[in-house]
Amino acid sequence: MNTIIAKAGVDDDRMYEQAAEILKRGGLVAFPTETVYGLGGDALNPDASHRIYAAKGRPSDNPLIVHIAETSSVYELAETVSDDTKKLMEAFWPGPLTIILNKKEVVPHTTTGGLDTVAIRMPSHPVAMRLIKDSGVYIAAPSANLSGRPSPTTAQHVQQDMDGRIDMIIDGGAVGIGIESTIVDMTGDRPTILRPGYITPEMIRDIVGDVTIDPAITGMNNALRPKAPGMKYTHYAPKGELSIVEGDRLAAAEKIRSLVAEKKAQGYKTAILCDTDNVSLYDDGVCENVYDAGSKKNEITVSAGLYSLLRTCDDIGAQYIYSESFEEGDMGYAIMNRLIKAAGHRIISC
Ligand code: TXA
Ligand code: MG
């Protein structure tokens, strides 16, 4: 298959028309959202969801998020919309919050991975918005990466994974947030966060009072089964062995320097992911591939570049990767959730 690559902002009317045609006939279009790039298909067409699973190499029991452009669409897709749900929609849509609700008949089980619930999100990215509106279809879209690769935050990442596998990629530049939306399940007694993201538990608590966090995603307990099926897969794993080194700033840097020295002496290629403020701590003539992963003081600089750095580590063939911890602050929890998974829970404390 020849994948069309189109730049947003060049010949938009034609581009959206072409993308809409593809979606309406069951084809696949990758597009930017404010979180990560999505791989879109018609959410109400089972053939389209089969194509999405095939293109990603993703297990079909992992449900897709349905993207909408108008609040009224929720009532066509979901059975019961509580007052709390309405408050969340009002507070955070359009934006990086996905809400799980009981699905209506029209939503095929192929889209929901066999579940009777549906994940719905209204993205705020103008390209995503216009694509949904112009095509007139609800767009089912997982992140546009091959299963097991980091989510794409640029059109080039999408191209690396999806060229020849899908009909079209819309290039809208680098995304702003860089990690996937917060998922909140509104089908139970209390709102439950199934995946942390830019919208923090505190922000949700401010709107609806009580909120719980799925215990399967909070800690190190691998025995619990997450309610969001996608959270159970080993995601985002770089090819090299990634370890997180946590502890006091200087002690952690010293530990990383000694680990790098040891691995280099054994002939391995290494890489380091560190805070902007700490780059100079690795200026010892031994450390190589030291990447500025953004600043904890401004967490969006960390989230925005995280997946891209993990891809870079693969590109350069890093065999051992050491990352500092980025656990402080509001989004630190979501960032560490992704980083810990990428590291396969390898954490070195010092
Ligand atoms: O930011 C995002 O959410 C991006 C952009 C493209 O919108 N999408 C994204 O999709 O991250 P994906 O497929 O990579 O992740 C969807 C997650 C998976 O963990 C899946 O298991 C969960 O949402 N999910 C979807 N529907 C669900 C449902 N009905 N119940 C529980 N979890 C669900
Ligand atoms: Mg994904």
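User: Helices (H or I, at least four residues) and strands (E, at least two) are taken here as DSSP runs, numbered from the N terminus. With that in mind, how much of residues 13–199 is helix, and how much is strand?

Analyst: The model is a predicted one, and the stretch in question comes from an unreviewed UniProt entry, which lists residues 13–199 as "domain: YrdC-like". The C-alpha atoms at the two ends of this stretch are 33 Å apart. As for its secondary structure, the chain over these residues is 30% helix and 20% strand.

User: In the open sheet of 11 strands, which strands stand at the edges?

Analyst: The pairing in this sheet is mixed, and the strands follow the order β1-β8-β2-β3-β7-β4-β6-β5-β9-β10-β11. A strand with a single partner has one side left without a neighbour in the sheet, so it stands at an edge, and this applies to β1 (4–7) and β11 (212–213).

User: Which residue of β8 stands opposite I4?

Analyst: The edge strand β1 has a single partner strand, and β1 pairs with β8 (residues 168–171) in the parallel sense over 4 bridges. Within this pairing, the residue of β8 that stands opposite I4 is M168.

User: At about what angle to β8 does helix α1 run?

Analyst: Helix α1, residues 12–24, lies across several strands of the sheet, among them β1, β2 (29–32) and β3 (37–42). Helix α5, residues 126–135, also packs on the sheet, where it touches β2, β4 (65–67), β7 and β8 and makes about 140° with the direction of β2. For helix α1, the angle to β8 is about 145°.

User: Is strand β5 mostly covered or mostly open, and which residue of β6 stands opposite its L101?

Analyst: Strand β5 is mostly covered, since 5 of its 6 residues are buried. On one hand, β5 pairs with β9 in the parallel sense over 4 bridges, and there T98 has I183 as its bridge partner. On the other hand, 5 bridges join β5 to β6 (residues 117–121), and these two strands run antiparallel. In this antiparallel pairing, the residue of β6 opposite L101 is V118.

User: Why do the buried residues of helix α4 count as lying on the same side, and how wide is their arc?

Analyst: In α4, residues 83–92, the buried residues are T85, L88, M89 and F92. They lie on the same side of α4 because the arc they cover around the axis is only 100°.

User: Which exposed residues does the opposite face of α4 carry?

Analyst: The buried residues of α4 pack against α3 (73–77), β5 (97–102), β9 (182–185) and α7 (201–208). The face turned away from that buried side carries exposed residues, namely D83 and E90.

User: Which strands are at the edges of the open sheet of 5 strands?

Analyst: This sheet has parallel pairing and the order β14-β13-β15-β12-β16. Its neighbouring strands are turned by 25° against each other on average, when direction is ignored. The strands that pair on one side only, and are therefore at the edges, are β14 (290–292) and β16 (347–349).

User: Which residue of β15 stands opposite S243?

Analyst: Strand β12, residues 241–246, and strand β15, residues 320–324, run parallel and are joined by 5 bridges. Helix α9, residues 249–265, lies across β12, β13 (270–274), β15 and β16, and runs at about 175° to β15. Opposite S243, the residue of β15 is Y322.

User: Is R346 buried or partly exposed, and which residues does it touch?

Analyst: R346 is found in the loop between α11 (332–342) and β16. Its relative accessibility is 34%, and R346 therefore counts as partly exposed. In sequence R346 and P46 are 300 residues apart, and in space their C-alpha atoms are 39 Å apart. Leaving out residues up to four places away in sequence, the residues that R346 touches are E241, L242, S243 and I244.

User: How many disulfides does a search of the whole structure find?

Analyst: A disulfide requires two cysteine sulfur atoms within 2.5 Å, whereas for C313 the nearest cysteine sulfur, that of C274, is 11 Å away. C313 has 0% relative accessibility and counts as buried. For C350, which is partly exposed with a relative accessible area of 41%, the nearest cysteine sulfur is that of C287, 14 Å away. Over the whole structure, the number of disulfides found is 0.

Key
Residues are numbered from 1 along each chain as its sequence is written. Chains are lettered from A and ligands numbered from 1 in the order in which they are written. This is a predicted model: local features need pLDDT of at least 70, side-chain atom pairs count only at pLDDT 80 or more; totals for chains, interfaces and linings use all residues. Side-chain values use heavy atoms; hydrogens and water are left out. UniProt positions are given in the numbering used here, feature names are shortened, and annotations may be inferred rather than shown by experiment. Buried means under 20% relative accessible area, exposed over 50%, partly exposed in between (1.4 Å probe, protein chains only). The arc is that of the directions from the helix axis to the C-beta atoms. Contact means heavy atoms within 4.5 Å. Two strands pair if DSSP finds at least two bridges between them. Axes are lines fitted to C-alpha atoms, for helices over the stretch in contact, and angles run from 0 to 180 degrees between N-to-C directions.
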